[in-house]
Amino acid sequence: MSSTSPAARGLRSVEVLRAMMARPSGAIGLTLVAFHLLMAVLSPWIVPFDYKAMDATLTLAGPSSAHWLGTDHLGRDVLTRVMLGGREALLVTGTATPVALIWGGLLGVYLGLKGGWRDEVAMRLVDAFLALPGILPLLVLITVFGSGGEVLMPTLAFFFGIPVIRVARAAAHEVVARDFVSAARARGHRPLDIVRRELLPNVTDTLLVEGAMRWSWMLLGFSALSFLGFGVSPPKPDWGLMISDARVYMSLAPLGVIGPVVALSTLIIGINLSADALAKTLGLDHSRKAVI
Amino acid sequence: MLALIIRRLALGLITVWLVSVIIFLGVEALPGDACTAILERDAHGEALAKCREVMGLNTPALTRYLDWSGGILTGDFGLSANGQERIAELVGYRLRNSLLLAAGALGVGIPLAIFLGVIAGLWRDRWPDILFSTGAIFAMTIPEFVAATILILIFAIWLGWVPAIVLTPADAPPLDFFPEFILASTVLTMLMIAHVMRMVRASMIEVMAGDYVQMATLKGVPYWRIVFRHALPNALLPAINVIALTVAWLLGGVVVVEVVFNYPGLGRLLVDAISDRDLPVVQAITMIVAITYVGVNLVADILSLALNPRLRSHQERGA
């Protein structure tokens, strides 16, 4: 597989996408994700109102022909803000996920090949970092660095790369035992060459599936931080922040909560369904593995 | 067996020690310290020097690490940054409240998850399985705060059955948290069930396809006896570790849920401390969570070693 040309690789991703679309979960998932990506790109040109424009005479209004989802507590159009509310989340997690995957994947594969004391030390450190569950490590870093997208992107990329090390290492372990790796070693290739030419092509599938799952968890983390007030700073629209703001007025204007809830949920469900379809298409069914 | 347990114990201790080093060094390596964080713009000259004196920031880092980690071993977490309160006192009742919430979720959630998992596994690919498995995927994908908000909207605002938020003070006796407690606990239960259920389902399917189940069927053992006596105990073994991971997840997820419901637990204390940039409190809570996480996983590891002879002999040979 190490000798595949770029054209052949492009062909393979088209094939994988087609196979994913053939499954109901993949078709629904990919459609949802594509819709959200498209919306993130196009929304600044197609939103009906200015997301900052307040209307003091029309606060917490119900749906009308002008404001389809009503207005929020400052009289801003909810639909406009829902349409724009995923941009920051998609930008931050969309950048941080590949970064996490690349650094975690490379380090994991290298450790899996190399073994020895480096591996032992690194895995103890990984254990230590994973002993802080969920958004906790993110919260600790935010205490120190403050919040905002420019802090969150590297932070998310760092912390979500750590579990990837473990997955990549386990995947590499399975490959390392095979004959072609021994052959490469016998030919006297350097470890980094073995990683690049023999191991990486064989673990990319596992890493892709892992990356899709990590993306959805990262989005969950990002929105939770936003909801807690440590993510996107107002007046920028963000679903987590919108839910947090609108929740106080939930009995008066439930659409202010339901709008962003539906948007966020459909995106995350879309990613999960796509990840599921990707795993099944590539023959890596992860339903038995525990979720960390 | 004993050697294995000791090995696990040692690994757990190393992990906790590393976490403490990471947390300490992480704060140490950053620009500024607890004093610049509290004083903010006033952090210069005499005020800064005095604050550092009071907080003991002038001693070498190693001494401070030893003091800090030694204090944790004896349950003394030092003073908080802003109010000069003892962190141990600040944490006490809130830790109890969080544990109460987690216990409520686990007590209801785990039996329910096992029950649903068994049903889904036995009726694989038929309507009970499709119903529960789809529900589980939704429960796993929807963020805690979204689920909590939806439940508040439905049960507290539209139906008015339960109060939306908790107003009980942190040090109230446990029973005072009742009706308010239900929604918060339900959210955690709902989200938690999904993982455990999926695991039980998968291992139930695997176990029911095993030779000894077929043997029992051929011998004429009644179906439900096979399910409960032969299959279920074996199917639950792999679930132990998933339950431990779920507990760990609860510790993280509880932060958001506590904020949504205004529940006076450790998670809300953490969020308040972050807003106040109270580093000592953040460090202390992080340590408590890490210790709990390692402890729970250790117990799960030992339990599954003790209950599963195959795993034991396999690992003894491996080690």
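**Entry 1: chain B overall**

I began with burial in chain B: 39% of its 319 residues count as buried. Keeping in mind that this is a predicted model, I then went through the secondary structure. I found 13 helices and 0 strands in chain B, and reading along the sequence I just get α after α. Next I checked how far apart in sequence the contact partners sit. Taking contacts in chain B between residues at least 6 apart, 72% join residues at least 24 apart.

**Entry 2: helix α8(B)**

I picked α8(B) for a closer look. It has 29 residues and spans 42 Å from first C-alpha to last, close to the 42 Å expected at 1.5 Å a residue. I also looked for bends and got a kink of about 30° in α8(B), centred on Ile193(B). Is α8(B) enclosed by the rest of the structure, or not? I counted 26 of its 29 residues as buried, so α8(B) is largely enclosed.

**Entry 3: the core**

I pulled up the largest nonpolar core, which holds 169 residues. Which members touch the most others? My list reads Val187(B), Leu188(B), Val196(B), Met197(B) and Val200(B). As for the helices behind this core, α10(B) contributes the largest share, with 19 residues.

I followed up on Val200(B). Leaving out residues up to four places away in sequence, Val200(B) touches Ala113(B), Ile114(B), Gly117(B), Val118(B) and Gly121(B), and also Ala235(B) and Ala239(B).

**Entry 4: where B meets A**

I turned to the interface and found 45 residues of chain B in contact with 38 residues of chain A. On the chain B side, the helices that each supply at least two residues are α1 (2-29), α6 (127-141), α7 (144-158), α8 (180-208), α10 (223-261), α11 (266-275) and α12 (279-307). Which of them gives the most? That's α10(B), with 11 residues. I sorted the chain B side by residue type too: 34 nonpolar, 8 polar and 3 charged.

**Entry 5: confidence in chain A**

Last, I checked how far the predictor trusts chain A. Its pLDDT averages 82, and 92% of the residues score at least 70. Confidence in chain A is lowest in helix α1 (residues 6-21), at a mean of 75, and highest in helix α4 (residues 87-114), at 90. I flagged residues 287-292 of chain A, where the pLDDT is below 50. Beyond near neighbours in sequence, that stretch still has 11 contacts in the model.

Key. Residues numbered from 1 in each chain as written. Chains lettered and ligands numbered in written order. Predicted model: local features only at pLDDT ≥ 70, side-chain atom pairs only at ≥ 80, totals over all residues. Contact = placed C-beta atoms within 7 Å. Helix = DSSP H or I, 4+ residues; strand = E, 2+ residues; numbered from the N terminus. Nonpolar A, V, L, I, M, F, W, Y, C, P; charged D, E, K, R; others polar. Expected span 1.5 Å × (residues − 1). Bend = angle between axes of the 7 residues up to and from the residue. Buried ≥ 20, exposed ≤ 12 C-beta atoms within 10 Å, placed from the backbone. Core = buried A, V, L, I, M, F, W, Y, C linked by C-beta atoms within 7 Å. pLDDT = per-residue confidence, 0-100.
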